[in-house]
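I opened this entry to look up a few helices and a surface patch. My notes follow the model below.

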Amino acid sequence: SFLSSTSFDEIFYATSAYQFLHGLDPYVAVHPPLGMLLIAIGIAIFFISSFGWRIIPDLTSILILPVIYIFAKRLFKTRRAAVISTISLMSECMHYTLGRLAFLDGIVTLFILLEYYYLYSYLELRNNGASFKECYRTLWLAGLAFGIGISCKWSALYSALPILVILVYGEIVITRTNLRQFISSLL
């Protein structure tokens, strides 16, 4: 019976997702609703069951693996490093444990990882001499992933300061832009 019941904080997220799905006031309003609305998609498709409330967090945790592979391959420029990075994450116990439960952490991690991937893509384009307008799309995608992450769980907001530091470093040190261009890209 423990396999079909909620574990730990799943009671809050699964219940709130069910309530969102049926137009009721949510049981928990500690986090923004997007993560629980995503869990509600699984409940809408597979009904109120452990599979229903766990499928979307599980899928997002699975999607992290190809994103890690692509990001590591692009970052380290070797397939070997990408495979090692992906296998390391696959065998890490917290990713496995949190990924199979209806927690918001896997969902948020996916969007934070996408945020850093697109920021890296932006800085790589800028370093190769692309103008701001040419690489605006990747910066916009980084901001979109940041916004979706915050819309799922407030802890995604912690990535704001590192993103700002990386952006300042990239614009001032790597691309050596003037102050006007820097403020434009920062905004």
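I start with what counts as a helix: a DSSP run of H or I with at least four residues, numbered from the N terminus. The model is predicted.

Entry one: W140. I placed W140 in helix α7. Is W140 buried or exposed? I found W140 partly exposed, with a relative accessible area of 46%. I then checked W140 against Y118, 22 residues apart along the chain. Their C-alpha atoms are separated by 8.5 Å.

Entry two: α7 and its partner. Helix α7 covers residues 136-152. I looked up how α7 and α2 are arranged. Their axes come within 6 Å and cross at roughly 80 degrees. Crossings of 65 to 115 degrees count as roughly perpendicular. I therefore noted α2 as roughly perpendicular to α7. Which residues meet there? On the α2 side I listed L34, G35 and L38. On the α7 side they meet I148, S151 and C152.

Entry three: the nonpolar patch. I found a nonpolar surface patch of about 380 Å². I41, I45, F46 and F51 make this patch. Which helix gives the largest share? I traced 3 residues of the patch to α2, residues 34-46, and that is the largest share.

Entry four: I45. I45 is one of the patch residues and lies in α2. I looked up its relative accessible area and got 52%. Exposed means over 50%, so I45 is exposed.

Closing note: α2 contributes residues to the nonpolar patch and also meets α7 through L34, G35 and L38.

Methods: Residues are numbered from 1 along each chain as its sequence is written. This is a predicted model: local features need pLDDT of at least 70, side-chain atom pairs count only at pLDDT 80 or more; totals for chains, interfaces and linings use all residues. Side-chain values use heavy atoms; hydrogens and water are left out. Patches are made of residues with over 30% relative accessible area and no salt bridge: like charges are joined within 9 Å, nonpolar side chains (Val, Leu, Ile, Met, Phe, Trp, Tyr) within 5 Å. Accessible areas come from the Shrake-Rupley method with a 1.4 Å probe; for residues, only the protein chains shown count as cover. A salt bridge is a side-chain nitrogen of Lys or Arg within 4 Å of a carboxyl oxygen of Asp or Glu. Buried means under 20% relative accessible area, exposed over 50%, partly exposed in between (1.4 Å probe, protein chains only). Axes are lines fitted to C-alpha atoms, for helices over the stretch in contact, and angles run from 0 to 180 degrees between N-to-C directions. Angles under 35 degrees count as roughly parallel, over 145 as roughly antiparallel, 65 to 115 as roughly perpendicular and the rest as oblique. Contact means heavy atoms within 4.5 Å.
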